[in-house]
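Hello,

Here is the structure I promised to pass on to you. Please open it alongside this message, and I will go through what turned up.

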Amino acid sequence: MPITTVSARRAATALTALVLAAAAVAGCGAPDDGRGRAAPSPAAADTAPGASPPVSRPSVSHSAGTATPAPGGYLTLPLSASGRVPVLRHGPRTGDGGDGGEEVAGPGGTAGRASGDRVVALTFDAALSPEDAKRAAEDGVRHDNPELFAALRRAKAPATVFMTGVWARAHRDRARAIGRDRLFEVGNLSRSHRAFTPDCAGLPALGPGRHLAEVRDGLKEIRAAGVSRPTPYFRFPGGCHDDRSRRAVAPAGVTAVAGDVDAADTGASDPEELAGRVLEKVRPGSVVVLRWDRERAPATAEAVGRLVPELRERGYRLVRVSELVAAAMGRAPASPSASSVPPR
């Protein structure tokens, strides 16, 4: 996705990227309460028309404001000065139609593209723990979602799918198909979907010293399933993280991706209501979090079939997470999806 040159009028905004580029909303910019996706975030908070969201206590060094190439040509956001992985909650923000086209600071305080370019990233969690995989095998249940895969392909809708290593092993054919389709990119959801903090969404917590291994082992499982070019993007299970877990996984060279719109589709049964919930919350640059599991999120595939055309009707362009990261760093993505532009 091409990046619009920032004008002199916007130079002050772009300059702050040197200080804040690693933290869209992450605890790099403010302390993290470790309680998951619902936790409020200064940079993701709604603001009055024309106003910039507050950014508190940036902790990224001036020298950390450069894009870091990762294997596969993907860009990652830099570590904080104290060695924590950055957490991306949303991409650069532009005017959302209600603020007269004025720019709103996004991740790292960087200006977004021209106000006419409204982007949103759909992300999906393909989560499976060893215990769930065992029960599924015994009961003959598949935690895949073929209808969702088909719906996204019909709509030519780019997406980023975060897989646990256990899910990728249990659904090797689907993992491989997602990894080979140029519409999609694959992120890492850990190996076993254990929580990286205590008291996280009812998930069992990892044992001491297991954080980094969970990230690396998850990536190994994803590669073993046939995904040849996984991204360096990681999602903390349950969305929960704290300073300790962010430092622990830093050697893996990842950028953590949270999201600012949780569809809350687990157990949802009404596709229209689900799509409406997302449309109500979405803003330019949003990262939408959904589930890739027909058993646990049975309405998601149909909701996506309604959501995608409505987003495009409202002027949004669907992108993958790699394109948001590149935009946050003021760089073009290595290989933008040709299908990110809605069909005419």
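**What was found**

The accessible surface of the chain comes to about 13,800 Å², and carbon and sulfur atoms account for 52% of that. Please keep in mind as you read that this is a predicted model.

To start with the overall picture: the chain has eleven helices and eleven strands. Of its 344 residues, 56% count as buried. If you take the contacts between residues at least 6 apart in sequence, 78% of them join residues at least 24 apart.

**Strand E10 and its neighbours**

A good place to begin is E10. Six of the six residues of this strand are buried, so E10 is largely enclosed by the rest of the structure. Cover is found on both faces: one side carries Ser 286, Val 288 and Leu 290, the other Val 287, Val 289 and Arg 291, and all of these are buried.

Which strands pair with E10? One is E4, which runs parallel to E10 and is joined to it by six bridges. Within that pairing, Phe 124 has Leu 290 of E10 as its bridge partner. Another is strand E9 (residues 261-262), also parallel to E10, with two bridges. Here Asp 262 stands opposite Val 289.

**Aromatic rings**

The count of aromatic pairs comes to eight. Take Phe 124 and Trp 292: their ring centres are 5.7 Å apart and their planes stand at 90°, so this pair is edge-to-face. The two residues come from distant parts of the chain, 168 residues apart: Phe 124 belongs to strand E4 (residues 118-126), while Trp 292 sits in the loop between strand E10 (286-291) and helix H10 (300-313). Phe 124 is buried, with a relative accessible area of 0%, and Trp 292 is buried at 0% relative accessibility.

A further pair is formed by Phe 234 and Phe 236, with ring centres 5.0 Å apart and planes at 75°, so it is edge-to-face as well. Phe 234 is buried at a relative accessible area of 0%, and Phe 236 is buried at 2%.

Ring pairs also join Phe 124 and Trp 292 with Phe 149 and Phe 184 in a cluster. You may like to look at Phe 149 from the side of Arg 174, which lies over the face of that ring at 4.8 Å from its centre. A similar arrangement to look up is Arg 118, which lies over the face of Tyr 316 at 4.5 Å from the ring centre.

**Nonpolar cores**

Where do these rings meet the rest of the interior? The largest nonpolar core has 43 residues, and Phe 124 and Trp 292 are among those with the most contacts inside it, together with Leu 122, Leu 152, Met 163, Ile 178 and Leu 311. H10 gives the most to this core, with six residues.

Ile 178 is worth selecting in your viewer. Leaving aside residues up to four places away in sequence, Ile 178 touches Phe 149, Phe 184 and Trp 292, and also Val 161, Met 163, Trp 167 and Val 186.

Apart from the largest core lies another, of 19 residues, including Leu 88, Val 257, Leu 324 and Val 325.

Do write back with any questions once you have had a look.

Best wishes

Technical notes
Residues numbered from 1 in each chain as written. Predicted model: local features only at pLDDT ≥ 70, side-chain atom pairs only at ≥ 80, totals over all residues. Heavy atoms only, no water. Phe/Tyr/Trp six-rings, centres within 6.5 Å; stacked < 30°, edge-to-face > 60°. Helix = DSSP H or I, 4+ residues; strand = E, 2+ residues; numbered from the N terminus. Buried < 20%, exposed > 50% of the residue type's maximum accessible area, 1.4 Å probe, protein only. Lys NZ or Arg CZ within 6 Å of the ring centre and 35° of its normal. Core = buried A, V, L, I, M, F, W, Y, C linked by side-chain atoms within 4.5 Å. Contact = heavy atoms within 4.5 Å. Areas by Shrake-Rupley, 256 points an atom, 1.4 Å probe, with all protein chains shown as cover. Pairing = 2+ DSSP bridges.
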